[in-house]
Amino acid sequence: MMRRSCIPVLLCLLFLYAGTAGMHAQPCGRSLGAEFSFTGIGLGFQMPARGNSFHSISVEMDMPDVLRGETGIPGVRASYVTDFVFASADYGSFAVRWFAGPGFTAGYVRDIGSDFGFMAGICGNAGAEFIFKVPVSLTLCVVPVIAAHATAGDTDMSLEIYRYGLLQAVSPRLGIRYCF
């Protein structure tokens, strides 16, 4: 049985091998599919950009308070990210692309300890995409958000840091997309 302390070492070795195995992984072009995380679910669209990069656009239902049972109404947010592929590898039956990039996000969401309000800020994206011979790709990434959250009460208005965005930095996102 493998010890838990060996798992991070094996993941690092896999990452290093994926980065040096070659630059033969071909993106699947445009793709559309679902994204799932502990903070929400949504639809994601990817399309190629210049060079070794691609655009990611997603529209999501922001659901941390729904999943905890605090409300039955999810928020809505959208994001746009330009991802840059910094390593890739082709293993025959599938290819892997490691990517990261900056972007921006906005929406009408709830935050920790506050009501619904408008949120806008910057976001990032870092992860890996597994592209198969069939027109399907799987993505595993994290999307940290640094944003402001504005709420309006009966007599006052509040502008605070969007704390759920910081939580998204440690909440992995799994995407499954159809490539066309």
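How many helices and strands are there in the chain? In this predicted model, the chain has three helices and 10 strands. Read from the N terminus, the order of the elements is α-β-β-β-α-β-β-β-β-β-β-α-β. The chain has 180 residues, and 41% of them count as buried. Among contacts between residues at least 6 apart in sequence, 56% join residues at least 24 apart.

## Nonpolar core

The largest nonpolar core consists of 13 residues. Within this core, the residues with the most contacts are Met119, Cys123, Val145, Ala147 and Tyr162. At least two core residues come from each of the strands β4 (75-90), β5 (94-109), β6 (117-132) and β8 (145-152). In soluble globular proteins, nonpolar side chains tend to be buried together.

Which residues does Met119 touch, leaving out those up to four places away in sequence? They are Arg77, Thr105, Ala106, Gly107, Val109, Ala147, Ala148, His149 and Tyr162. Two of these, Ala147 and Tyr162, are also among the core residues with the most contacts inside the core.

## Cavities

A search of the whole structure gives five cavities of 30 Å³ or more. The volume of the largest cavity is about 140 Å³. Its lining is made of 17 residues, and Glu35, Ser56, Asn125, Arg173 and Arg177 are those nearest the centre.

Several strands contribute to this lining. At least two lining residues come from each of β2 (40-48), β3 (53-62), β4, β7 (136-142) and β10 (173-179). Strand β10 gives the largest share, with four residues. By class, the lining of the largest cavity comprises six nonpolar, eight polar and three charged residues.

## Aromatic pairs

The model contains nine aromatic pairs. A pair of aromatic rings is described by the distance of the centres and the angle of the planes. Tyr91 and Phe94 make a tilted pair, with 5.2 Å from centre to centre and 35° between the planes. Tyr178 and Phe180 make a stacked pair, with 6.4 Å from centre to centre and 15° between the planes. This second pair counts as stacked because its angle of 15° is under the cut-off of 30 degrees.

Are Tyr91 and Phe94 buried, exposed or partly exposed? Tyr91 counts as partly exposed because its relative accessibility is 29%. Phe94 is also partly exposed, with a relative accessible area of 27%. In the stacked pair, Tyr178 is partly exposed, at a relative accessible area of 49%. Tyr91 and Phe94 belong to one aromatic cluster together with Phe130 and Phe132.

## Three residues and their surroundings

The table gives, for three residues, a partner residue, the separation along the chain and the C-alpha to C-alpha distance.

| Residue | Partner | Apart in sequence | C-alpha distance |
|---|---|---|---|
| Val136 | Ile176 | 40 residues | 7.1 Å |
| Glu160 | Ala150 | 10 residues | 6.5 Å |
| Thr39 | Asp62 | 23 residues | 6.1 Å |

Val136 lies in strand β7. Its relative accessibility is 27%, so Val136 counts as partly exposed. Apart from neighbours within four places in sequence, Val136 is in contact with Phe130, Ile131, Ile176, Arg177 and Cys179. Among these contacts, Phe130 is a member of the aromatic cluster, and Arg177 is one of the lining residues nearest the centre of the largest cavity.

Glu160 lies in strand β9 (residues 157-161). Glu160 is partly exposed, with a relative accessible area of 37%. Outside the residues up to four places away in sequence, Glu160 touches Ala147, Ala148 and His149. Met119 also touches Ala147, Ala148 and His149.

Where is Thr39 found? Thr39 is in the loop between β1 (31-37) and β2. Is Thr39 buried or exposed? Thr39 is buried, because its relative accessible area is 3% and buried means under 20%. Not counting residues up to four places away in sequence, Thr39 touches Met61, Asp62, Met63, Pro64, Arg77, Leu167, Gln168 and Ser171. One of these, Arg77, is also touched by Met119.

Notes. Residues are numbered from 1 along each chain as its sequence is written. This is a predicted model: local features need pLDDT of at least 70, side-chain atom pairs count only at pLDDT 80 or more; totals for chains, interfaces and linings use all residues. Side-chain values use heavy atoms; hydrogens and water are left out. A nonpolar core is a set of buried Ala, Val, Leu, Ile, Met, Phe, Trp, Tyr and Cys residues joined through side-chain atoms within 4.5 Å. Buried means under 20% relative accessible area, exposed over 50%, partly exposed in between (1.4 Å probe, protein chains only). Contact means heavy atoms within 4.5 Å. On a 1 Å grid over the protein atoms alone, a cavity is a set of points where a 1.4 Å probe fits but cannot get out, and a pocket is an open set with protein on both sides within 12 Å along at least five of seven lines; lining residues have an atom within 4 Å of a point. Grid points are joined across faces, edges and corners, and a volume is the space filled by probe spheres set on the points. Ala, Val, Leu, Ile, Met, Phe, Trp, Tyr, Cys and Pro count as nonpolar, Asp, Glu, Lys and Arg as charged, and the others, Gly among them, as polar. Rings of Phe, Tyr and Trp (its six-membered ring) pair if their centres lie within 6.5 Å; planes under 30 degrees apart count as stacked, over 60 as edge-to-face and the rest as tilted.
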